[in-house]
Amino acid sequence: MKPVKALLLGAGNRGMYAYGNFAQQNPGLLQIVAAAEPVIEKRQQIQKDHRIAPEFLYTTWEDAFVKLPPVEAVIIATQDQMHLGPILAAMKANLHILCEKPIVPSLDGCHSVEKAAASFKKIFMVAHVLKYTPFFGKLKNLLDSGRIGRLIGIDLIENVGHLHMSHSFVRGNWRNTAESAPMILAKSCHDMDMLAWLAGSPCESLSSYGRLNYFKAENAPAGAPKRCMDGCPHMNTCPYHVSKIYLGTNTGWPVNVITTDLSMEGRMKALEEGPYGRCVFHCDNDVVDHQNAVFNFTNGVMANFTMSAFTMAIHRSIVLFGTAGEITGDMEDRRITVKDFSSRNIETISIAEPLGGHAGGDSAFISDFAACVRGEGGEGLNMVKNSFESHYMALAAEASRKENGRMVKLEEFRSK
């Protein structure tokens, strides 16, 4: 069959590298034949990478919909606050939709998309890619097979990693709720999606606590300037000094986010002039750096979730508590341990090293989207109708956090 021809909206990290790289490596499945990107350097790079005709290259997503290029699908990889307009425009144009998570960052936005999507007949999938990882797929299979009896509880920890926090959520695009989304939605709607999927039931009620503890002006060491490169006296001891993160030999993520010119001169210029050169204690960030939430599902499963910036590595760890056994695992270690109460047997399952980002979830998800669009019997795990629960959970948890852990009933919250 012919590849899916797509319009890419946004050539940032996800647009350029997740979807762009996949299209380059799998031209028989997906081709990016048109793109909209406001930053001229990124626009030129995406055009070069995919040999996009000049007439199908746009500055804004609105321009692309004035006279649509010959595409059947749109990939929405703009900033979170910019998703609603392209979603509604793509529906009106009757295009298949692949949308980055979160779908939209507000309760009203969720209501608008959910209402519009109810009668939308094309494929509409959301990039909750963890469902497509071999790790979480195996966990789901173990639960569904009854290996640990009836599921009673879940403990899920998202270890954001101190450097990822500083890059994306202190200096970067997701640092400020007004410009992006609350941390638990922008970063952890993946995890909300996983909790609901593994629990196998809608969420009934929840409570959450969290705050911005550390990355604020009052914690700046004495004499720290506004920008790291302005002679900071704490360069040697501060783990967040930009020279340690962006001026080494690595030119992949997160370095390739700060500029398209990855020469030492280009990176220096970006740090001297751009947002990624700021001291982590002197930014305009307001999203939390540590948050806990407790969820009660309608089938009786209870879940604890922790998101923390204060970890060395980026990884997710999980414990599943069952009536007949226990499962523990770490996604990045690619190891799952199943403990059977009756036999006392302990089985360790090693997950093969995946290809691609998000522990293999990115490529598997995009492949499934292409299969669904092409009518090849894709799984369609992340159809938009299955993604709203995670968003309502995240938004309700944020509301609870703001009210010092007030218990929120999800059905009442989502129907506001």
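**Exercise 1.** Is Glu347 buried, exposed or partly exposed? Work that out, then look at its salt-bridge partner.

*Solution.* Keep in mind that this is a predicted model.
- Step 1: Glu347 has a relative accessible area of 31%. Buried means under 20% and exposed means over 50%, so Glu347 is partly exposed.
- Step 2: The side chain of Glu347 forms a salt bridge with that of Arg147, at 2.8 Å from N to O.
- Step 3: Arg147 sits in the loop between H6 and strand S7 (151-159), while Glu347 is in strand S14 (residues 346-350), so this pair ties together parts 200 residues apart in sequence.
- Step 4: Arg147 is partly exposed too, at 32%.

**Exercise 2.** Find out why Cys228 has no disulfide with Cys279.

*Solution.*
- Step 1: A disulfide needs two cysteine sulfur atoms within 2.5 Å.
- Step 2: The closest cysteine sulfur to that of Cys228 belongs to Cys279 and is 5.6 Å away, which is too far for a bond.
- Step 3: Now try Cys238: its nearest cysteine sulfur, in Cys228, is 6.3 Å off, and Cys238 is in no disulfide.
- Step 4: The total count is 0 disulfides.

**Exercise 3.** Work out which residues of helix H12 (residues 264-273) are buried and where they sit around the axis.

*Solution.*
- Step 1: The buried ones are Gly266, Arg267, Ala270 and Leu271.
- Step 2: They span an arc of only 130 degrees around the axis, so they're on the same side of H12.
- Step 3: Flip to the other side of H12 and you'll find Glu265 and Glu273 exposed.
- Step 4: The cover over the buried residues includes helix H10 (242-246) and helix H11 (255-258).

Definitions and conventions. Residues numbered from 1 in each chain as written. Predicted model: local features only at pLDDT ≥ 70, side-chain atom pairs only at ≥ 80, totals over all residues. Heavy atoms only, no water. Buried < 20%, exposed > 50% of the residue type's maximum accessible area, 1.4 Å probe, protein only. Helix = DSSP H or I, 4+ residues; strand = E, 2+ residues; numbered from the N terminus. Arc of directions from axis to C-beta. Contact = heavy atoms within 4.5 Å. Salt bridge = Lys/Arg side-chain N within 4 Å of Asp/Glu carboxyl O.
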